Amino acid sequence: SYSESAKWYTKAAEQGHAEAQYHLGLCYEYGTGVEQSYTQAVKWYQKSAEQGSKYAQNNLGVCYEKGLGVEQSYTQAVEWYRKAAEQDNSYAQNNLGVCYVKGLGVEQSYTEAAKWYLRSAKNGRDWAQNNVAWCYKHGKGVEQSDSLAYKWYRRAAFNGISEAQFELAWCYVKGLGVEQSYSEAARWYRMAAEQGHASAQCNLGVRYAKGQGVEQSDSLALKWYRSAAESGNRVAQSNLARFYCKGRGVEASCAEAVEWYLKSAEQGYDVAQYHLASHYAHGNGVLQSYTEAFKWWKKAAEQGHTASQFHVGVYYMLGHGVEQSLSEGIRWITISAEKDYPSALYWLGICYRNSKGVEQSYTQAAKWFRKAAEKGVAPAQNDLGVCYAKGQGVEKSMTEAAKWWKLAAEQGN
């Protein structure tokens with residue numbers, strides 16, 4: 001009987017029994033055998049903590065950190081965490097590490113955080129094992145080490161921490177601290193996914209989509225993408241949209257694709273923003289709108305999405321969905337071209353040849369045509385051939401002209 005337990009804990013606690021005071025605090029915190037009350041929980045934790053109970057000290061720290069039954073205070077939280085941690089309480093050691101990482105109630109210090117995480121991890125605390133692995137992965141407070149990150153992620157993963165299972169899978173995907181293995185990656189992604197870890201569900205979907213470490217299956221890829229997407233994972237939402245667009249594992253539907261791209265795009269995922277813009281540009285699954293297309297390409301472009309930067313440039317040049325501005329068009333196309341985006345390279349060549357937003361220059365035109373041609377852009381290969389045939393921006397050479405025309409022709413130009 002919970003109420004009987006609470007009754008006897010109360011009798012002992014009122015006589016100053018530290019362990020009974022701690023357990024009575026638990027009863028009040030969770031409403032076990034008594035009416036739930038954080039204020040009463042803090043009262044009894046405090047009495048027990050002042051008598052040196054490391055468990056009560058940790059729980060009192062949690063109450064101060066979260067403002068449960070007491071005025072919120074990170075300083076007080078750290079004080080009680082430290083008292084418990086110095087008595088080797090693994091929960092408090094991990095909690096103190098978190099405070100040092102975030103600079104809560106204490107000066108931020110990755111070195112101190114790693115120290116306390118490691119002490120907690122060695123005491124078997126699962127989340128501390130995950131946290132010390134994070135320190136080794138990113139070189140925070142310790143020397144960066146893929147092998148030690150792998151070691152601690154593995155321990156935490158075996159203890160059932162889904163985040164560690166997800167990170168361990170990534171170690172196997174990339175061969176970080178362990179021999180690369182897609183099958184092991186899929187195994188650990190599945191474990192995390194079955195615990196509801198959305199990113200693991202998404203990545204397990206990727207493994208099924210590509211047949212990496214598992215037998216290729218569009219239907220299973222779709223299943224895991226959907227699970228993650230419905231949990232709000234923006235990458236999974238974009239991947240699910242792609243499956244609807246292509247009809248992979250599901251009946252093709254541009255309208256459904258747009259719906260999922262929009263969910264992802266609104267969360268700031270540049271890939272989804274790019275594809276959503278493309279649907280608006282061509283009216284696939286949504287009413288055609290240059291304005292909406294430009295809006296979403298611009299959002300992606302501002303995040304550095306190369307293809308979107310090119311399309312923003314083109315729309316500025318043409319005045320589609322935005323007031324025409326040749327200078328802005330050239331600026332965005334150049335940004336994309338400098339990252340070797342093939343279409344941007346070709347467009348920049350056209351702009352220099354035809355004096356669109358830049359001073360006319362056959363030399364510059366030939367330069368950009370060549371860059372695009374070398375990346376296999378057939379129209380650029382044809383136009384570079386024309387440059388050689390006419391001696392525009394390059395030394396005239398029918399041999400070179402024929403060479404580039406032949407390459408363009410072989411692509412059907």
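This note goes through the fold, the surface and a few side-chain environments of a predicted model.

1. Secondary structure. The chain contains 23 helices and zero strands. Two elements that matter for the points below are helix α17, residues 290-301, and helix α18, residues 306-318. Helix α22, residues 378-390, comes up in the last point.

2. Overall dimensions. The radius of gyration of the chain is 31 Å, whereas a compact globule of 413 residues would have a value near 22 Å. The C-alpha trace spans about 105 × 45 × 45 Å along its principal axes.

3. Burial and contact range. Of the 413 residues in the chain, 48% are buried. If contacts between residues at least 6 apart in sequence are taken, 43% of them join residues at least 24 apart.

4. Surface and charge. About 19,400 Å² of the chain is exposed, and 46% of that area comes from carbon and sulfur atoms. Positive side chains number 45 and negative ones 41. The centres of these two sets are 4 Å apart.

5. Aromatic pairs. The whole structure holds 13 aromatic pairs. One of them joins Y290 and Y315, whose ring centres are 5.6 Å apart. Their planes meet at 85 degrees, which is over 60 degrees, so this pair is edge-to-face. Y290 belongs to helix α17 and Y315 to helix α18, and the pair links distant parts of the chain, 25 residues apart. The two partners differ in exposure: Y290 is partly exposed at 36% relative accessibility, while Y315 is buried at 7%.

6. A further partner for Y315. The ring of Y315 also pairs with that of W297, with centres 5.2 Å apart. The planes of W297 and Y315 are at 90 degrees, so this pair is edge-to-face as well. W297 lies in helix α17 and Y315 in helix α18, so the pair ties together parts that are 18 residues apart in sequence. W297 and Y315 are both buried.

7. Tyrosine cluster. Elsewhere, Y22, Y45 and Y55 are linked into a cluster by ring pairs.

8. Q381. Is the side chain position in helix α22 at Q381 buried or exposed? Q381 has a relative accessible area of 4%; the cut-off for buried is under 20%, so Q381 counts as buried. Leaving aside residues up to four places away in sequence, Q381 touches A373, G376, W404, W405, L407, A408 and Q411.

Technical notes
Residues numbered from 1 in each chain as written. Predicted model: local features only at pLDDT ≥ 70, side-chain atom pairs only at ≥ 80, totals over all residues. Heavy atoms only, no water. Helix = DSSP H or I, 4+ residues; strand = E, 2+ residues; numbered from the N terminus. Rg over C-alpha atoms; globule rule 2.2 N^0.38 Å. Buried < 20%, exposed > 50% of the residue type's maximum accessible area, 1.4 Å probe, protein only. Contact = heavy atoms within 4.5 Å. Areas by Shrake-Rupley, 256 points an atom, 1.4 Å probe, with all protein chains shown as cover. Lys, Arg positive; Asp, Glu negative; His and termini not counted. Charge placed at Lys NZ, Arg CZ, Asp CG, Glu CD. Phe/Tyr/Trp six-rings, centres within 6.5 Å; stacked < 30°, edge-to-face > 60°.
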